[in-house]
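This briefing looks at a ligand site and at two points of backbone geometry. The structure comes first, and the notes on it follow by topic.

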Amino acid sequence: MPRSGREVILGIGGGIAAYKACDLLRRLQDAGFLVTVVPTPAALNFVGSATWEALSGRRVYSQVWENVPDVAHVALAEKANYILIAPATADLIARLAHGRADDLLTNVVLASDVPKILVPAMHPNMWRNQATQANVTTLRSRGFHIIDPDIGRLTGPDSGVGRFPETGRILKEFYELIGYLDDLKGKRILVTAGGTREAIDPVRYIGNRSSGKQGFAIAQAAIARGAEVHLIAANCNLPDIPGVAMTSVESASELERALAREFPSADALIMCAAVADARPVQTSDRKIKKEFLTEISLVANPDLLASLKASKKPGQRIIGFAAETQDLESNATVKLTGKGLDLIYVNDVSQGAIFGSDFTSGIIIDKTGPLLTLDNVSKDTLAHVLLDQLLRQIG
Ligand code: CTP
């Protein structure tokens with residue numbers, strides 16, 4: 001099965017700006033990218049492997065000799081969707097321009113045919129040096145994208161051109177290059193999050209373990225990508241997201257009414273909320289005394305997604321979620337078909353996994369079958385991967 005499409009190799013050259021790349025790594029992760037850090041041996045003088053491993057959650061190597069059985073340079077090159085090298089020093093730029101392969105990073109670059117982005121950072125004299133400029137011209141002619149260094153204070157008393165750009169600028173240029181910035185502009189995305197509560201009396205309710213984190217991550221990702229986002233939140237104890245229109249609901253019937261209002265004008269619905277399948281036949285206005293709380297008669301709630309199927313217009317897309325403890329693929333496929341979905345993400349919730357966590361593992365399935373398997377990725381990553389798949393479907 002193909003990978004997520006969001007694998008980035010973050011190459012780190014041996015310059016002091018290596019420490020700023022720690023923030024870059026974090027922001028890439030927030031944007032749903034899965035990052036493997038490959039520092040040059042010199043870069044480890046500034047920031048050590050322990051920092052990169054702790055931040056990325058992945059093993060970090062800088063030499064081809066460290067992980068020989070895995071043939072790391074080929075494995076990394078095959079896995080990557082993008083290679084971003086920040087900072088790129090004068091020496092690293094020279095080695096890349098000459099096709100050298102004398103550490104893991106330069107081997108990976110040679111073995112890979114994906115987009116490569118360099119963020120040079122060095123002293124102005126080194127940047128303006130004809131040798132460096134010639135090397136940069138060579139790399140540009142070979143398709144490398146160069147993010148020009150900033151002008152400003154450098155290490156020591158000097159200032160000039162050669163400063164490592166602010167993280168925001170690097171990300172903006174990176175996103176523009178890979179076509180990710182504002183790629184949902186003009187789309188109206190409706191997201192539901194959390195879990196409904198069905199009141200038994202003023203104190204008690206039937207609920208579920210959904211925290212709302214996944215739905216909020218999707219809303220956050222969609223707004224960052226330029227969509228117009230409406231989030232219907234069912235009992236989520238999470239801060240509002242700037243720019244996202246919010247409706248708060250408690251029960252399945254309130255959620256149903258909110259969907260009836262918002263779905264007709266949406267291009268896509270991402271139905272993350274866990275809807276209680278049943279509610280008490282009667283809700284008591286007064287707290288039921290414990291001696292009378294011996295049984296609760298239930299009536300089924302409507303299946304909200306299945307009911308929307310009839311009103312779905314051509315061009316509208318619906319992504320559903322499934323929480324399963326067994327036979328993930330077959331159970332989810334039944335829901336995909338039965339509820340008229342375009343895509344479903346099924347996660348394995350056995351032993352209380354996923355609920356409340358910042359990480360998720362599961363399978364994305366469409367009408368053709370399983371598309372992607374995600375193994376312990378952040379909910380931010382899943383959010384972006386689902387939006388990538390949605391865009392693929394919208395065309
Ligand atoms: N869903 C819904 N209305 C319901 C129950 C679920 O719209 N009454 C939606 C959920 O928001 C989710 C998808 O259907 O996107 C699958 O939910 P899930 O709880 O996994 O499945 P159920 O249909 O409730 O089936 P079961 O509980 O038997 O697994």
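In this predicted model, the ligand takes up the space of the second largest pocket. The elements that contribute two or more residues to the shell around the ligand are helix H11 (304-308) and strand S16 (317-324). The pocket itself has a volume of about 690 Å³, and among its 33 lining residues the closest to its centre are Cys272, Ala273, Ala274, Val275 and Phe321.

**The shell around the ligand**

- The ligand is surrounded by 14 residues, of which Ala273, Asp277, Phe321, Lys335 and Lys339 come nearest.
- Strand S16 gives the most to this shell, with 4 residues.
- Sorted by class, the residues of the shell comprise 9 nonpolar, 1 polar and 4 charged.

**Polar contacts and burial of the ligand**

- At alanine 273 the partner is the backbone, where a polar atom is 2.6 Å from an oxygen atom of the ligand.
- At aspartate 277 the side chain takes part instead, with one of its polar atoms lying 2.8 Å from an oxygen atom of the ligand.
- A nitrogen atom of the ligand is paired with proline 302, whose backbone N or O atom lies 3.0 Å away.
- The ligand exposes 570 Å² when taken alone, and the protein buries 77% of that area.

**The lining of the pocket**

- The second largest pocket, with its volume of about 690 Å³, draws two or more lining residues from each of helix H9 (213-224), H11 and S16.
- H11 and S16 therefore recur as contributors of two or more residues, being named both for the shell around the ligand and for the lining of the pocket, where an element is a DSSP run of helix or strand.
- The lining divides by class into 16 nonpolar, 11 polar and 6 charged residues.
- Ala273 and Phe321 appear in the list of residues closest to the centre of the pocket, and both are also named among the residues that come nearest to the ligand.

**Backbone geometry to check**

- Alanine 86 and proline 87 are joined by a cis peptide bond, with omega at about 0°, and proline 87 lies in strand S3, which covers residues 82-88.
- Valine 71 has a positive phi, near 45°, although this residue is not glycine; valine 71 is placed in the loop between helix H2 (49-56) and helix H3 (72-79).

How values were computed: Residues are numbered from 1 along each chain as its sequence is written. This is a predicted model: local features need pLDDT of at least 70, side-chain atom pairs count only at pLDDT 80 or more; totals for chains, interfaces and linings use all residues. Side-chain values use heavy atoms; hydrogens and water are left out. A residue is near a molecule or strand if one of its heavy atoms lies within 4 Å of it. A polar contact is a pair of N or O atoms within 3.5 Å; within protein, one must be able to donate a hydrogen and the other to accept it, and residues adjacent in sequence count only if both atoms are side-chain atoms. Accessible areas come from the Shrake-Rupley method with a 1.4 Å probe; for residues, only the protein chains shown count as cover. On a 1 Å grid over the protein atoms alone, a cavity is a set of points where a 1.4 Å probe fits but cannot get out, and a pocket is an open set with protein on both sides within 12 Å along at least five of seven lines; lining residues have an atom within 4 Å of a point. A molecule sits in a cavity or pocket if more than half of its atoms lie within 2 Å of its grid points. Ala, Val, Leu, Ile, Met, Phe, Trp, Tyr, Cys and Pro count as nonpolar, Asp, Glu, Lys and Arg as charged, and the others, Gly among them, as polar. Grid points are joined across faces, edges and corners, and a volume is the space filled by probe spheres set on the points.
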